[in-house]
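Biologist: I should be grateful for a close look at a single part of this protein, with the surroundings described as far as they help. Please set out the contacts residue by residue.

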Amino acid sequence: MSQENVDALRPVYEEWRRGNFRPRFDIYDRDMEWGWSEEFPDSGGVSRDPQLRSERLMRWLSSWRDWQVEAEEYIPAGEFVVVLCR
């Protein structure tokens, strides 16, 4: 199962590497929760509403002209995957 999870995440991180944070992927569960550390100003906490998740992410990204994330390593951990990024 872990390798399947890694393979399912690769397209997500490929789009993020390109700076494209808008696509909705099939891997996202309808009940997905997106948590942000309380250290993020005006963004901390867990969001379950898809619209609020998108608004919060786009508001945070608007601080930069260009922001990307690149996956460096996928670590299978049972049914979970840890993705180390830069």
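Modeller: Not counting residues up to four places away in sequence, Glu 15 touches Asn 20, Pro 23 and Phe 25. These contacts belong to a predicted model. Glu 15 has its place in helix 1, which spans residues 2-17. Two polar contacts involve the side chain of Glu 15: one is made with the side chain of Arg 18, at 2.6 Å, and another, of 2.8 Å, joins it to the side chain of Asn 20. Asn 20 thus appears both among the residues that Glu 15 touches and as a partner in a polar contact. As to burial, the relative accessibility of Glu 15 is 17%, and because buried means under 20%, Glu 15 counts as buried.

Asp 26 offers a contrasting case. Asp 26 is found in the loop between helix 1 and strand 1, the latter covering residues 34-36. Its relative accessibility is 83%; since the cut-off for exposed is over 50%, Asp 26 counts as exposed. The C-alpha atom of Asp 26 is separated by 20 Å from that of Glu 55, and the two residues lie 29 residues apart along the chain.

Helix 1 also takes part in the largest nonpolar core, which has 17 residues; Tyr 13, Trp 16, Tyr 74 and Val 83 touch the most other members. At least two residues of this core come from each of helix 1, helix 2 (50-61), strand 3 (71-77) and strand 4 (80-85). Helix 1 supplies the largest share, five residues. In soluble globular proteins, nonpolar side chains tend to be buried together.

Val 83 may be followed further. Leaving aside neighbours within four places in sequence, Val 83 is in contact with Leu 9, Tyr 13, Ala 71, Glu 73 and Tyr 74. Tyr 74 has Val 83 in strand 4 as its bridge partner. Strand 3 and strand 4 run antiparallel and are joined by six bridges. The two strands form a hairpin with two residues between them, and Gly 78 in the turn has a positive phi of about 70°.

Confidence should be weighed alongside these details. The protein averages a pLDDT of 82, and 94% of the residues score at least 70. Confidence is highest in strand 3, at 94, and lowest in helix 2, at a mean of 73. Where pLDDT is low, the predicted coordinates should not be read in detail.

Methods. Residues numbered from 1 in each chain as written. Predicted model: local features only at pLDDT ≥ 70, side-chain atom pairs only at ≥ 80, totals over all residues. Heavy atoms only, no water. Core = buried A, V, L, I, M, F, W, Y, C linked by side-chain atoms within 4.5 Å. Buried < 20%, exposed > 50% of the residue type's maximum accessible area, 1.4 Å probe, protein only. Helix = DSSP H or I, 4+ residues; strand = E, 2+ residues; numbered from the N terminus. Contact = heavy atoms within 4.5 Å. Polar contact = N/O pair within 3.5 Å; in protein donor to acceptor, adjacent residues only side chain to side chain. pLDDT = per-residue confidence, 0-100. Pairing = 2+ DSSP bridges.
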